[in-house]
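Biologist: I'd like to go through this fold with you and ask where the labels come from. Can you show me the model?

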Amino acid sequence: MNPLTNVKNITKLAEQDLIGNKKTSWHDQYKDSAWIFIGGLPYDLTEGDVIAVFSQYGEIVNINLVRDKDTGKQKGYGFLCYEDQRSTVLAVDNFNGIKILGRTIRVDHVANYKAPKETKNIDDETKRLRNEGCAPKKY
């Protein structure tokens, strides 16, 4: 599906939440995941740039901008994990469809994030997050 069509579909869902008489939001199906997908990013943005933009809606605990294995250049999409799942709702509702450096980005929830395969140079905190996840803990 065309990325801009996806942006419009997500926006339409958010608008239906505002005017609808539903008891629950479409966001509720993602209540166990604090990960979001970000697509359409300008290729020259760094992880720090993305964190600077997306941290206005919550504390970011992990980011994975997908890069080409040979060149190391960013592919224009990635995944981001917030400390609090409620931040994902704010990010999806407010960032989906905005323009960053002239490119319209798509932001959506991720139900089941699968971490990249293990590499040799991985720090302890990233290992812990991959094992435990960063979704809200159920008590």
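Modeller: Here you go, and keep in mind that the model is predicted. One rule before we start: two strands count as paired if DSSP finds at least two bridges between them.

Biologist: Fine. What stands opposite Gly39, and how do you know that E1 and E6 pair?

Modeller: Gly39 stands opposite Arg106 in E6. The strands E1 and E6 have 4 bridges, in the antiparallel sense. The rule asks for at least two, so E1 and E6 count as a pair.

Biologist: And what makes E2 and E3 a pair?

Modeller: Same reasoning: they share 6 bridges, again antiparallel, and at least two are needed, so they pair. As an example, Ile60 has Tyr82 in E3 as its bridge partner. In the hairpin of these strands, 6 residues lie between E2 and E3, and Gly72 takes a positive phi near 80 degrees.

Biologist: Which strands make up the open sheet, and why are E2 and E6 called edge strands?

Modeller: The sheet has 4 strands in the order E2-E3-E1-E6, with antiparallel pairing. E2 and E6 (106-109) each pair on one side only, which is what makes them the edges. Neighbouring strands are turned by 20 degrees against each other on average, ignoring direction.

Biologist: What packs on the sheet?

Modeller: H2 does, touching E1, E2, E3 and E6, with its direction at about 135 degrees to that of E2. H3 lies across E1, E3 and E6, and runs at about 150 degrees to E6.

Biologist: What makes you call E2 mostly covered?

Modeller: Buried means under 20% relative accessible area. In E2, 6 of the 8 residues are buried, so "mostly covered" fits. For the protein, buried residues make up 37% of 139.

Biologist: Why is one group of residues called a nonpolar core?

Modeller: Because the name needs buried residues of types such as Ile, Val, Phe and Leu, joined through side-chain atoms within 4.5 Å. The largest such set has 20 residues, and Ile36, Ile38, Val50, Phe54, Leu80 and Ile105 have the most contacts inside it. Elements giving two or more residues are E1 (35-39), H2 (47-54), E2 (60-67), E3 (74-82) and H3 (86-95). A second, separate core of 8 residues includes Ala34, Trp35, Val66 and Phe79.

Biologist: How do you know that Ile36 touches Phe54?

Modeller: Contact means heavy atoms within 4.5 Å. Leaving out residues up to four places away in sequence, the partners of Ile36 include Phe54, Leu80, Val92 and Val107.

Definitions and conventions. Residues are numbered from 1 along each chain as its sequence is written. This is a predicted model: local features need pLDDT of at least 70, side-chain atom pairs count only at pLDDT 80 or more; totals for chains, interfaces and linings use all residues. Side-chain values use heavy atoms; hydrogens and water are left out. Buried means under 20% relative accessible area, exposed over 50%, partly exposed in between (1.4 Å probe, protein chains only). Axes are lines fitted to C-alpha atoms, for helices over the stretch in contact, and angles run from 0 to 180 degrees between N-to-C directions.
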